[in-house]
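Visitor: Hi! I've got a structure to look at and I'm pretty new to this. Can you walk me through it?

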Amino acid sequence: MTSADTRLQKYPVGIDSVSMAEIERRVPAGEAPPLPPNPQLAVIGKSIPRINGRAKVTGAAPFTVDVKLPGMLYARLLRSPLPHARVMSIDIGAAERHPGVRAIHVINDVVGRAVETTGQNTPAGTSGRRVLYVGDPIAAVAAVTPEAAQAAVDLIKVDYQPLAFVVDLEDARKPDAPRVFAHPVHGESFAGGNPAGTALPQQGNVRGPNKSGSRGDAAAGFADADVVIEGEFRTQVQTHCCLEPHGLVADWRKDGLTVYMSTQFTAGIRAELAAAFGLPLSRVRVIVDAMGGGFGSKSSAGNYARAAVTLSRQANAPVRLVLDRHEEQIDSGNRPATVQRLRVGARRNGTLTAIAIDTYGTSGVGLGAGIGNFAQAIYDCANFELVQSDVFINAGPGCAMRAPGNVPGAFALEQTIDELAEKLGMDPLTLRGRIDLSAVRREERRIGAARFGWNRRRAPGSDSGPIKRGLGMAQSLWGANVRTNSACEVRIFRDGSVEVLSSVQDIGTGIGTVLAQVVAEELGLRPEDITVRIGDTEYPAGPPSYGSLTTASITPPARNAAYQVLRKLIEIAAPSFAAAAGNLAARAGRISTADNSRSIGFREAAAQLPTDQIGVVASRSDDYADFARKMGDMASAQNALGGVQFAEVAVDTETGIVRVERVVAVQDCGRPMNPLQIESQVQGGILQGISYALFEERILDRHTGHMLNANLEQYKILRSRETPAIEVHLLENYQGMSATDAYGIAEPSNIATAPAIANAVYNAIGVRLRQLPMSPAAVLAALGRIPQRSGPT
Amino acid sequence: MNSFEWSSPRDIAQAAGVATTTVAAAMVSQSGRLSTDGVVFKAGGIDLLDLMKEGLLVPRGIVNLREIPDLAVIAQADDGGVHIGANVTLAQLAADPVIRTRFLALADVAGNSASPQIRQVATIGGNLLQRPRCWYFRSRDHHCARKGGEVCFAFAGENQYHAIFDHNGCAMVHPETSATALVALGAKLELTNAAGTKRVVGLEQFFLLPEVDIQRENDLTPGEILTAILLPPPAPTSRSIHIKQGETDSFDWPIADVAVALDTAPGGACRAAAVILGAASPVPHRAKAAEALLVGKTIDADVARAAAHAALQGAAPLTKNAYKLPIFETLVRRAILAVVRGG
Ligand SMILES: Cc1cc2nc3c(=O)[nH]c(=O)nc-3n(C[C@H](O)[C@H](O)[C@H](O)COP(=O)(O)OP(=O)(O)OC[C@H]3O[C@@H](n4cnc5c(N)ncnc54)[C@H](O)[C@@H]3O)c2cc1C
């Protein structure tokens, strides 16, 4: 940055009520001036109910499934009933003749999974493709009614040559296991945990090891250790269980494609579909209004959206394709299973000398079943060794799910650290105080311990009766992620009304409400004065709703756009009531001089606009201190976000039932923009974490390859009666990095829950559960209470 | 779901006149291709529509029993017992003052089944006649022995939720927790056939083990309507309880449930005992050894413990469900003590 287009500004930094200071930053000239800490603001940092809250609870909010277009057709997919087979032939004749059928599409090219480099996966023609899991999509039908579409799907005759398959992670690792892929594969880390990488060795179904991320000399570190803790941890496959299923209405016309889709990333879907169908970006429009969850699984178009668009093009009519619950469970992504072997070495005073982790996991036919960067980055340890592999099984591909990698990673490491503390005779908080360099988490531990009543914690297994109570805690780590390719427009109209526009979508976190707050703060208005237009690629391209980067990416450009458009308005209106535009500011619905001696109403000012409206588009600038790491459109101040959670459990040692009774969470996300909505995110993260810890698990039948609990009845999930008391405390942690200094919360709040519960369970019963979910069967087994007799099989 | 013919008779005679199939029979196929000419009864429709939506049942016609007013009443019976119409909902049972005071186990079980929404719709008749929840049985892709296929997939497969007793050829557990309580209370069923003839059969005898008939869970004959559940008057000194243990408490099935009914002489020995285990076997399982152990004794913690242990006599867990044994033992002991202590 040259000094001509930059200026120096002083920003508040530090943790509110602990250590506030000022720091001077060089910032681009167009940036809005520094915001003071939240207590000095009118709208930002206040708990404001979400703007579409009423519409949601009254059923008025339109979801994608509510979109009905004239002449719309209904699509259904034909999916493989076999876990592994070669498709010898497909006969669509009878389906084509079925009344009401308008288009049939045979799917030859599949996305979202590992692909064999030799191209064996997708040979030309309709026969010869291999289907790799139960639910692998084969064909799609569009018809005038859903029933006709389903009937036609049932009429498609497929000749399968069944092939040997494997769905069990341990079986798949054996040298003589049936091969999911016969040839080396490539692909991204779809599941986001990261052992993917390129050019890794592949033997049988095992791809890896990937040793990237290691540092120092682990062997030397262990030689230096006074104590070494070892353990093997197993985590299960969790499915996303979005209450609103995946779905879209695709409307292909001569002049372009419009897609109404439940998605976390309108602009990304636009780019993906434009590339897939050879359309210019300007001819693809993606729209989403209210959304019922995504958790990472609605980030890309996938096979289903491609199929719907193809059918629409073929039939020359809008096509609606919505997955049913069974399809959701078997083919809309999942959090991979992991098996992690940990070794942690330490000196008697707690100093870590080495961490070594050997882990493998399965993302089905996808890649990326790793453990993220949790163990790599959270504690101070010079020697770190990481060996990760993907194991293929014949099951639907995993995809990113709320804090991918770090959730299973934290489950294993945070238990190991507790075990180390015990071995060293230290309190778990004291040990973490010694090995954790984060100032934010230090404060979070202090606040959390006080609010939770950590001093009530007793020795493991202290209760004498069958019901034993325990307290535990664990920490989280996540990046302050940003997407620079994020833009927003703010418009002022001649009647004084204001609009904020961006393609950013509200996955349910309430980003629209936050945008209204940011713009209102800048213009001296109330949030309800701002019309929020989001979820449509007609507007400036906004960020995705994943990676906990939405608020961090879109609120600074929203504020800067508001600031700049206000400057324009002031330039126009200033002469009518004040001499100089320079010292005017907007507050409480007026534009006033600094000393408040002269002012004009916002509306009267707007009435002087020479045109019906003025607007400014701004995009996300670099963090002021420069991004720590840039990756294309993405950037991250890695590991900047903390979070500490405390859990209190009651374990019935006679039935194995674990009840979580209370969770206290202390979290940070830079400047909290809307505490009410943030608390709601944290509560959601905790509930999903409890559910992961105690209930959820995809169960595959090893003899038939089918998921047996592909519904929301036998797939156990937390509901109202399993919901504990939850207390959320938010830290204000100012970093002086952007025009809003806001960062994300959704993923960080999902990381510490399961290990906090596991540590509490240990504290209750004196036995460690190293496997998820901590079901009654698992607890009773750990307690040695299951008799070793077995009956006929 | 397929389209079907619909009729909604207003009285029992009219309903009994329609030629119907049992749902069990309509779900059996040799080849895996389902019959499409069954006509079946529907009460609340919770289970029936589930089966149809999953493509496990493709009936030609549905006879709705919900519009028959006679079936929806709870009435005092001549013998001092209670007559419960088959269409009485679970919510009605849970709230009924007579049930709550005299048949606590039934009020417990009705109030703890499924979810509040389902309990408003689900009838006790439909509940007793619902089909098993075994995930192989409920999967269109597994043609199991109960649906006319060759094998029970559970033995070699995922059997964590399956039976620990009497799984001869089929390892399902009976799904209706209500039956656990009703067997403990000595309930009988009143069934009316097409000719309008009524028969009364003990609920316990009504259920069939797989070794007797692997394709149906009970002795309902085609065309027969379950018209009432008859509860004999309990001895004034008797008390009952039902405990359901699910992995979760909301909207979930039990991994184990237990009903205990005890008649105890004032301040003295147990005169009669019923100890029934649910979700343990393809039918409600009477723990005879436990009952024998209780009768004649003044029940204290040791007796309860011994009876609970005896309740598992003969259990033969499968590869993944031995964890149910300690849970059942715990529930039986706790249920006995709760009844004795008037909990
Ligand atoms: C998530 C979930 C959890 C559940 N948890 C429990 C639980 O804990 N305990 C429990 O007991 N149940 C539970 N249920 C099951 C539920 O209670 C039953 O499905 C319901 O009671 C069935 O009653 P219905 O009136 O809807 O029957 P329907 O679905 O209408 O009928 C069921 C069957 O009975 C037949 N039928 C009905 N009435 C008559 C009649 N009068 N004469 C002859 N045949 C008849 C029908 O033909 C059909 O075969 C649960 C269900 C769900 C979805």
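Guide: Sure, and let's start with a term: strands here are DSSP runs of E with at least two residues, numbered from the N terminus. Two strands count as a pair if DSSP finds at least two bridges between them. Also keep in mind that this is a predicted model.

Visitor: OK, so where can I see a hairpin?

Guide: Look at chain B: β6(B) and β7(B) form one, with five residues between them. In the turn, B:Gly196 has a positive phi of about 90°.

Visitor: How many bridges hold β6 and β7 of chain B together, and do they run parallel or antiparallel?

Guide: Five bridges, in the antiparallel sense, between β6 (residues 188-192) and β7 (residues 198-202) of chain B. For instance, B:Leu191 in that pairing has B:Arg199 as its bridge partner.

Visitor: Cool. Switching to the ligand: which residues are closest?

Guide: The closest are B:Phe41, B:Ala43, B:Gly44, B:Gly45 and B:Thr123, out of 32 residues that surround the ligand.

Visitor: What about polar atoms?

Guide: An N or O atom in the side chain of B:Thr123 is 2.7 Å from an oxygen atom of the ligand. The side chain of B:Lys244 also has an N or O atom 2.7 Å from a ligand oxygen. With B:Asp47 it's a backbone N or O atom, 2.8 Å from an oxygen of the ligand.

Visitor: And how much of the ligand gets buried?

Guide: The protein buries 97% of the 990 Å² that the ligand exposes when taken alone.

Visitor: Which element gives the largest share of that shell?

Guide: That's α3(B), with three residues. Elements giving two or more include β2 (39-42), α8 (124-128) and β8 (225-231) of chain B. By class, the shell has 17 nonpolar, nine polar and six charged residues.

Visitor: Let's jump to chain A. What's the strand order in the open sheet?

Guide: There are seven strands, in the order β5-β8-β3-β18-β15-β16-β17, with mixed pairing. At the edges sit β5 (101-106) and β17 (284-287) of chain A, each pairing on one side only. From one strand to the next, the twist averages 20°.

Visitor: Can you zoom in on one pair?

Guide: Take β15 (residues 247-253) and β16 (residues 256-261) of chain A: they run antiparallel and are joined by six bridges. There, A:Asp251 stands opposite A:Thr258 in β16(A).

Visitor: Which helices pack on this sheet?

Guide: Helix α3 (residues 146-155) of chain A is one of them, touching β3, β5 and β8 of chain A, at about 25° to the direction of β3(A). Helix α6 (residues 266-277) of chain A touches β15, β16 and β17 of chain A, and its direction makes about 145° with that of β17(A).

Definitions and conventions. Residues are numbered from 1 along each chain as its sequence is written. Chains are lettered from A and ligands numbered from 1 in the order in which they are written. This is a predicted model: local features need pLDDT of at least 70, side-chain atom pairs count only at pLDDT 80 or more; totals for chains, interfaces and linings use all residues. Side-chain values use heavy atoms; hydrogens and water are left out. Helices (H or I, at least four residues) and strands (E, at least two) are DSSP runs, numbered from the N terminus. Axes are lines fitted to C-alpha atoms, for helices over the stretch in contact, and angles run from 0 to 180 degrees between N-to-C directions. Contact means heavy atoms within 4.5 Å. A residue is near a molecule or strand if one of its heavy atoms lies within 4 Å of it. A polar contact is a pair of N or O atoms within 3.5 Å; within protein, one must be able to donate a hydrogen and the other to accept it, and residues adjacent in sequence count only if both atoms are side-chain atoms. Accessible areas come from the Shrake-Rupley method with a 1.4 Å probe; for residues, only the protein chains shown count as cover. Ala, Val, Leu, Ile, Met, Phe, Trp, Tyr, Cys and Pro count as nonpolar, Asp, Glu, Lys and Arg as charged, and the others, Gly among them, as polar.
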